[in-house]
Every structure is written in structure tokens, then in C-alpha cells.
Amino acid sequence: MILFGFIFFPLLYIIVGFFPFPLKWKKVLALLTVGGNLVNAVNLIYKISHVGMIKVSPGSWPAPFGITLVADRMSAFLLLITAIVAVSIVLFSLQSVDRPRLERGYFQFLFGIIIGVNGSFIAGDLFNLYVWFEVMLMASFILMSHGGEQPQLEGAIKYLILNLISSFFFVAGIGLLYGKMGTLNLADLSNKISQLGDAKVILNPSLVLIVVGFAIKGALFPFFFWLPASYHTPVPVVSALFAGLLTKVGIYSLIRFYTLILYHNSAFWNPWILGVGTVSMVIGVFTASSQFDFRKKLSFHIISQVGYVVIGLGFFTLSGLAGALFFLGHNMFAKTNTYLVAGWVHKRKGTLDLKNLGDVFKESPVWSVLFIISAFSLAGLPPLSGFIGKYSLIKSGIEAHHLFISLVALFVGIFTLFSMLKIWIEVFWKPVKEGVKSFTIAGDERLMVTASGILALMSVLMGIFGVPIIDYCTEAAADLLSPEKYIRFVLNV
Amino acid sequence: MNNIVLRTIVNLISRLLLYLSIYLLWRGHNAPGGGFIGGIIAAIGFVFYAIIYGPGKTRERIKLPPMYYIGGGLFFSALSTVISVFTGRQPLTGLWIDIPLPVIEDIHLGTPFLFDMGVYLVVFGMITAIIINIMEVLRWN
Amino acid sequence: MELVLAIFIGLLYACGVYLLLRRSIVKLILGVFVLSNATNLVIFLAGGITRSGISILQDEVVVDKSNITDPLPQALILTAIVIGLGIAAYTLALKYKYYKVTGTDDLDRLKNTDQR
């Protein structure tokens, strides 16, 4: 019943949140809930490393007829990372979110997002995946507009409309696919498609609709416009949560979908995946370097880093997929932490405009170090986690004879470093410009430092223990590359 | 709206719709009906009531704040999913008991009914919450 | 029947996209509702339209087992409708709040969070 716990624990908090308990209890309960989720995730990854796969069939309905929740090595890895990110997000929220927001159900919606993300990682059924997407999106819509300030509302409208359109693409694709195949269970679909032979061309329209839905959710080129227009508007810790988790769910779904369904027709899909990944990398990093807002710069980098994961999927080799998975995990830590530091700067200085900031290093060396760890990790400097991720991706690219794409990835890495150094110099290093009023809002920030410290520590640990983690990711990639195992496990044949 | 005919009729209709909704909830397992539809019909009765009597009176009439209904409903649904876990089955598995009654037919009661009841309460709470809040914001009556 | 429904879905999509491209936020939101209904109809159509008996088999009812409507698409549509209900309530509340804060209904004024 471990898998069911990932949905059940956050749901318990949501239930309690509807009743008027004192705020102090709710805060403690929120911490307990994420703690329980973390324990559950550690337990799962321990079991998975022995067993390989775990499934639950709610309602005792056997696989192709009922919904199945399945976790394999990739799901367990991402669930663990989600749980760690959730712990630090809750810790950070306790001190950085203002009291009216906390009283108006902030944590309920936060746990709504966590349910949605957890559910998407263990869904074994396409429609179930859609439902978890919607759970996640509903909660994220509300968190984005929570508080009702003007930029938030503007950002929320753009985010809302484009994500709804992606849902329509996704559902229409699901409907058409069901009409043709008569099943929505991913394992059963994969099994049936492999028996189709040349007739599988008729599936392409519905598959294109579904992939476009994933691509909008995952902010891939050319569907990324909603992300930089909205991610910098909500409360800083909320944008950290979104940046860390939401787009990654779209990419996870793309990986799962590609390795189970699209690979049957890889001659058609592979060039598209590789091209889209490469262009996303380049576009993201170039547009980022022209920004002058802390969070906007980071938002564009999300697009660029999502591109890295997608090219790893496009190589479709063992080391490529392992690198993509490692990079996905590393990026969830590093990206969330850079946003958390941005949140701290915003709380402390009241602005995020790079031109008006400066001298933060003198004020707080601790936060500067926390930022530089994550930023250098994003840029891919050794011995941090990003180095190992990029190294294995580029190495596998060269091995798979995609020399041009590997070169582009290296080039993009240099530009990422440039952007991160620019933030470092503008925010932490340079003296404040004359004529700009600089002020400091002091306050208790021990929990905030802890939250950010956990994530920075994870970046360092993923770098130091890179070899065992890469080994684990390689096993996960081996599972992904031989879907027969997954199919046999889910369908019990 | 201060119209004696409307007031009496709405009072009657909201009661009738409530009973109808409970009937629909009860027959919903295999026949048309169920928690979602029942909840909507119950809420519609109170929406009529709110249109005529205003949001304040409606709040009094439904006794608890709508949020409690949503929380309670979620609690019942969540409870029904884990009951089967405690008996060593997969979550959400339906467990049934037959309660023999002398005159009328036996009552066939199970966890799906508990789940449906939760859905009923959530839908009822959600729709009344939306309508009452909108009316209060727009200063209806 | 399938042809009529297919043409109708096409029309709904066209209306939805047209409304999405208007400048007013209210029309944008109406466009979203129309698109969501069109998508539900796509699932309905893709599930196959057949006249047949009930799909839940009970002991005392005799049904021609070769001719049963697939109940799953309808369950999917019901789920999608429920989600649509929640989204509709949220969207309208968002629109109301936005109008209160800014006093405008014009999408072209939403440029503050984009590129400067």
C-alpha cells in the first residue's frame, strides 16, 4: 500500500484544512505530512531497488479493465526527489508566506499540487494521468492567483488559458486513441500497438495531439510562451515549487509515453524529439541572457534545461536515458533552490530587478554560497550534480553519433554559466548603484536557510555520490528501454 | 424578493429536491443517480432558496459552513478507500454487508455507498459555497 | 448520425477558436467553455454511437451481449465535465477579480508581465 500513501497522506491534510483548527496546528501538521511523504518515498525506493516494480489495482480490478498505479525505478527516483523538494518548500513557506495567505488555505493547495505530481508519477493509465494533471493544474491555478495582486492575476490568466488548451489537446487525443484502440492502459496500449504492424500510422493524429499536450505542459519549443509570462508573478516560494515540479511532470509523461508507445514508430518521432529538444535549449538560454529580472532569467533557463532532458530521451540509448533521468532529478533540486534564493532576495530587498540590486554578498555570505552552489550546479561545473548530468548526456550523445547536438549542448552550457555569473555579479557582487535606495527588511530566517540548505546539500551530494546514482538511473533506463518487462508486470502475463 | 407565493413555493421545493436527491443517492449504485447528481439536485434546492431569501438566510438554513460539508465529504470518501486496506485487500475494493429487515427488502450496504455519500457532500458543499460567495460579493438582496 | 456530430464538433471548435482570438476576456473564457464541450463530444463520438441495451449486466435482465454500449467513454466525459465545472467556477471568479482590480476587459492591456 506504499503507492496509495503518496495520494492518501496529502489528502488527509487537505481534509483537515477545511476545518478551523489554529494556524499553529496546521503548520505542524503540514510539516508532519511532508515528513510522512518523505518516509514513504524512501521506503518505496528501498523496496523498488530490490523488487524492480510495484503496482496497486484500486478496486481489485485487474489491469486492462481497472486503473493501475505502477511505480518502476524512474517513478521511485522522481517521487523521492519530489518528496525532498516538498519538505524544503514547506519549510520555506512557513517563514516567507504572509499570514492571510496561510489562513486562506495556502497549504491545502500546495498539497493539492503534491498529490497531482505524485499521482502523475505513478499513473499507469492515460486518463488517470489526465486526471492527476488536472488536480495539479487546479491547485496551481489557485496558488498562482492566491492573494489577488494585479501582476498575479495577469500571469494567472495567461497560465490558465494556455494550460487549459493543452488539456483539451490531451483529452481529445485520449478520446481518439480510445476510439481506435479500445484501451487506455499504457501497458495494454503498448502491447496492442506492437501487434498492429504497418497499420499503426493511423494512430499518429491522436498521438500528435497527446504529445502536443505534454509539450505545452513541459514548456518545450514552440509551446513555452506561457511559462516566462507567468512564472515570475506569484509569491516567490510558489514559483519555486512550480519551477521545480510542474514542467518536470510534463517531461516525465513524455518520457513514459515515448518509451512505451511512441518508440513503435520511432522513425517518425525521433527527429522531432531531438529537434524540439535542441531548439528549446538554444532559445531558452539566449532569451534568458537578455533579461534583467532575477526570476525571469531563471524562468527562461527552465526551458533550456528541459531541452537537455528531451535530447537525452531523443538519443534513446541506455546512457542517454540514464543521463536524462539524472539531469531531471538534479534540475528539480537546483532550479528550486535558485528560485528560493530569489524569494529570499525579494523578501529582504523588496525587488528582483537586477539593476537595483547589489552588495548582497556583504550582507549575507550564507545565502550567497547557497545560491552559488545551485547556480554552478545548473551551469554544470564539477564537482556538483549538474556536471555529472551534462557529462553523461553529452558523452552518450557523442557515442550515439549526434555530434552536432552534443556541441550545441556544450555551447548552451557556456551560456548558462554566463547567465548565472551575471546574476551573481549583479545581485551579490557589485556595489549598489548610486541613487538607488537600498533597504533591508530583517526577520527570522532560520527555517528559510534550512530549506535552501537541504536543496544545496542535495546538489552537492548528487555530485559526490554521482556514480551510485548514475548506476541506479542506468538500471531505470534499462527498464525503460525494454518495455516488455513493464507490460508483463502490469498485465500479469 | 418579498413575495409570499414565491417564498412558500421555494420553501416547499427546496425540501422536495432535498428528499429527491437523497432518493437518487440511494438508488445510484446500479441505476441512474448517484452522489454527484444527488449533490447537484440538493444544491439546486438551496440555490432557489438563496435567490429568494438571500445568502444570509441560506447560510442559516444549511446549518454548517459549506467548507465543512466539503471537508466531511472528502473524509467519508477517503475513509471508504482505506477500509478495504485494513482488511488486507487493495484500496477502493467494495465491501458489502446485508442488513436483514423484516417487512421491506434487505438493505445492501457497502463502502461504495460511503464513497458516494462523500461525493454527495462534496458536490453539495462546493456548489452552495460558490453560489453563496458569489451572492455575497454581488450583494444580492 | 456520426457525420452530423462530426460536423457539429468541427463547428464548435471553430467557434471556440474564434472566441479565443477575440480581445475581450469574457469572450476568451466563453471560448474555453465551448472548446471544453467540443472535446467532450469528441470522446463521445470516438467511443462509438450505437443504440443498445444497458451496459451493467444484472441477473434478472436479459441483454443481447453482442450489442452493448461501451460505458467507459461516458465515464470519461462525466469526469471531464466535473473538472470543467470546477474550472468554470474558478475562471469566472478570476475574471471578476481581475475586472475589479484593473477595471478593464481588454486582453491587450495584459502586457505588464511579458517582455518589456
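**Group meeting: chain B and the charged residues of a predicted model**

Let me begin with a single residue, B:Ile130, which has a relative accessible area of 26% and is therefore partly exposed. I should say at once that the model before us is predicted. B:Ile130 belongs to helix H5 of chain B, which covers residues 111-138. Which residue lies 9.1 Å from B:Ile130, C-alpha to C-alpha, while being 64 residues apart from it in sequence? That residue is B:Pro66.

From this residue I turn to chain B as a whole. The chain contains five helices and two strands. Followed along the sequence, these elements come in the order α-α-α-α-β-β-α. Along the principal axes, the C-alpha atoms of chain B occupy a box of roughly 55 × 35 × 25 Å. Of the 141 residues in chain B, 40% are buried. If we take the contacts in chain B with a separation of 6 or more, 66% of them are between residues 24 or more positions apart. The accessible surface of this chain amounts to about 7,900 Å², and carbon and sulfur atoms contribute 71% of that area.

Charge is my next topic. Chain B carries 9 positive and 6 negative charges, and the mean positions of the two groups are 15 Å apart. Which residues gather in a patch of positive charge on the surface? They are A:Arg104, B:Arg139, C:Lys97 and C:Lys100. In chain A, A:Arg104 sits in the loop between helix H4 (99-103) and helix H5 (106-122). A:Arg104 counts as exposed because its relative accessibility is 67%, and the cut-off for that class is over 50%.

I now come to salt bridges. Side chains of opposite charge can pair when their charged atoms come close. Over all chains, the count is 15 salt bridges. I shall present three of them, in chain A.

One joins the side chains of A:Asp72 and A:Arg256, with an N to O distance of 2.9 Å. This pair links distant parts of the chain, 184 residues apart. A:Asp72 is in the loop between strand E2 (69-71) and helix H3 (73-96), whereas A:Arg256 is in helix H11, residues 236-260. Are these two residues buried or exposed? Both A:Asp72 and A:Arg256 are buried.

Another salt bridge is formed by the side chains of A:Arg73 and A:Glu475, at 3.2 Å from N to O. Because A:Arg73 lies in helix H3 and A:Glu475 in helix H20 (residues 466-481), this pair ties together parts of chain A that are 402 residues apart in sequence. A:Arg73, with 8% relative accessibility, counts as buried, while A:Glu475 has a relative accessible area of 40% and is partly exposed.

The remaining example is the salt bridge between A:Arg348 and A:Glu363, whose closest N and O atoms are 3.8 Å apart. Here the partners are 15 residues apart in sequence, with A:Arg348 in helix H14 (residues 318-349) and A:Glu363 in helix H15 (residues 360-363) of chain A. A:Arg348 is buried at 14% relative accessibility; A:Glu363, at 30%, counts as partly exposed.

Finally, which residues are joined into one network by salt bridges that share partners? The network consists of A:Arg73, A:Glu475, A:Asp479 and A:Lys485. Two of these names, A:Arg73 and A:Glu475, we have already met as the pair at 3.2 Å.

Methods: Residues are numbered from 1 along each chain as its sequence is written. Chains are lettered from A and ligands numbered from 1 in the order in which they are written. This is a predicted model: local features need pLDDT of at least 70, side-chain atom pairs count only at pLDDT 80 or more; totals for chains, interfaces and linings use all residues. Side-chain values use heavy atoms; hydrogens and water are left out. Helices (H or I, at least four residues) and strands (E, at least two) are DSSP runs, numbered from the N terminus. Buried means under 20% relative accessible area, exposed over 50%, partly exposed in between (1.4 Å probe, protein chains only). Contact means heavy atoms within 4.5 Å. Accessible areas come from the Shrake-Rupley method with a 1.4 Å probe; for residues, only the protein chains shown count as cover. Lys and Arg count as positive and Asp and Glu as negative; His and the chain ends are not counted. The place of a charge is taken as NZ of Lys, CZ of Arg, CG of Asp or CD of Glu. Patches are made of residues with over 30% relative accessible area and no salt bridge: like charges are joined within 9 Å, nonpolar side chains (Val, Leu, Ile, Met, Phe, Trp, Tyr) within 5 Å. A salt bridge is a side-chain nitrogen of Lys or Arg within 4 Å of a carboxyl oxygen of Asp or Glu.
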